[in-house]
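Ready for some practice? Take a moment to look at the structure, then work through the exercises with me.

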Amino acid sequence: MTSTFVGTRLASALACPRCHGSLDFSLVCTICGPVGTRRGDQLDFGGFGESELRADALNRIKELVKTRFHKLYPAAIKVLSPVQDRPGLVNPFLRSFDLDRELVAGFGCGTHRRDERVVCMDGGSYGNVDIVTDLRRLPLADDSLAGGVSIAVLEHVPDPAVHIAEMHRVLRPGGRMLVFVPFMQPFHASPYDFQRYTEVGLREQFGAFEVLSVKVGAGPTSGMLWVLQEWLACCCRSAAAACTGRSCR
Ligand SMILES: [Zn+2]
């Protein structure tokens with residue numbers, strides 16, 4: 001674990017991702033047998049394979065930056081992404097918890113560690129990740145979390161309903177989630193990209209939750225900039241193809 005706090009708090013929350021029975025840091029379930037491996041402070045229950053991470057050309061570059069310069073990647077996103085990470089949403093949400101006492105997880109945190117006391121979970125085994133896992137099978141006990149954060153993750157999960165049901169299972173009664181998803185954004189594999197959401201679609205997906213608030217996190221200007229960026233890239237590719245005598249549509 002990245003901190004003694006997370007390690008200590010996680011000990012009581014850890015569970016077999018298959019049967020949800022109790023699990024210690026040996027990661028051997030008394031029913032299912034070995035369900036993960038430990039690499040230093042990182043618990044690996046099986047995340048993305050190398051071939052998955054390298055399937056999309058742009059994602060190959062992203063993965064290279066994430067793994068070689070994982071502390072730089074969040075800063076690069078802030079500079080280059082038209083829809084920037086939303087510290088104005090996340091930080092106040094995290095401050096609404098007593099993080100010294102309450103366990104909060106980042107689902108699909110990527111290379112972002114927002115607070116040393118937040119458990120970082122992802123399908124990629126980046127250096128800052130505490131638990132490498134398929135988000136559809138969380139290695140946490142029922143009602144074990146006070147809160148969770150999911151920022152631009154849901155569109156990358158193949159079975160979002162399964163992942164949402166898992167988040168609901170591990171969240172204690174009265175626990176709270178912050179979820180940020182795109183409505184209009186071009187394709188961006190990480191390593192996959194499956195869907196977009198409308199407000200009513202999001203409410204439907206989170207029907208098991210009490211929805212406290214739904215807000216527009218990034219407006220039409222961000223959407224337009226995303227599309228404009230893609231269009232300009234397309235123009236550049238077309239121009240380059242024309243220069244080399246190849247067609248490009
Ligand atoms: Zn088990």
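Here are three exercises with worked solutions, all on a predicted model.

**Exercise 1.** Find which cysteines are joined by a disulfide, and say where they lie.

Solution.
- Start with the count: the structure holds one disulfide.
- Next, look for two cysteine sulfur atoms within 2.5 Å. C109 and C120 fit, with an S to S distance of 1.9 Å.
- Now place them. C109 sits in the loop between strand 5 (104-107) and strand 6 (118-122), while C120 belongs to strand 6, so the bond ties together parts that are 11 residues apart in sequence.
- Finally, check the handedness: the torsion about the S-S bond is about 95°, so this disulfide is right-handed.

**Exercise 2.** Sort C109, C120, C29 and C32 into buried or partly exposed.

Solution.
- Recall the cut-off: under 20% relative accessible area is buried, over 50% is exposed, and partly exposed lies in between.
- C109 has 10%, so it is buried.
- C120 has 2%, so C120 is buried too.
- C29 has 4%, which means that C29 also counts as buried.
- C32 has 25%, so C32 is partly exposed.

**Exercise 3.** Which residues form a nonpolar patch on the surface, and where is L228 found?

Solution.
- The patch is made of M224, L225, L228, W231 and L232.
- Together, these residues have about 500 Å² of accessible area.
- Take L228 as your example: L228 is in helix 8, which covers residues 220-243.
- Its relative accessibility is 37%, so L228 counts as partly exposed.

Note on methods: Residues are numbered from 1 along each chain as its sequence is written. This is a predicted model: local features need pLDDT of at least 70, side-chain atom pairs count only at pLDDT 80 or more; totals for chains, interfaces and linings use all residues. Side-chain values use heavy atoms; hydrogens and water are left out. Helices (H or I, at least four residues) and strands (E, at least two) are DSSP runs, numbered from the N terminus. Buried means under 20% relative accessible area, exposed over 50%, partly exposed in between (1.4 Å probe, protein chains only). Patches are made of residues with over 30% relative accessible area and no salt bridge: like charges are joined within 9 Å, nonpolar side chains (Val, Leu, Ile, Met, Phe, Trp, Tyr) within 5 Å. Accessible areas come from the Shrake-Rupley method with a 1.4 Å probe; for residues, only the protein chains shown count as cover. A salt bridge is a side-chain nitrogen of Lys or Arg within 4 Å of a carboxyl oxygen of Asp or Glu.
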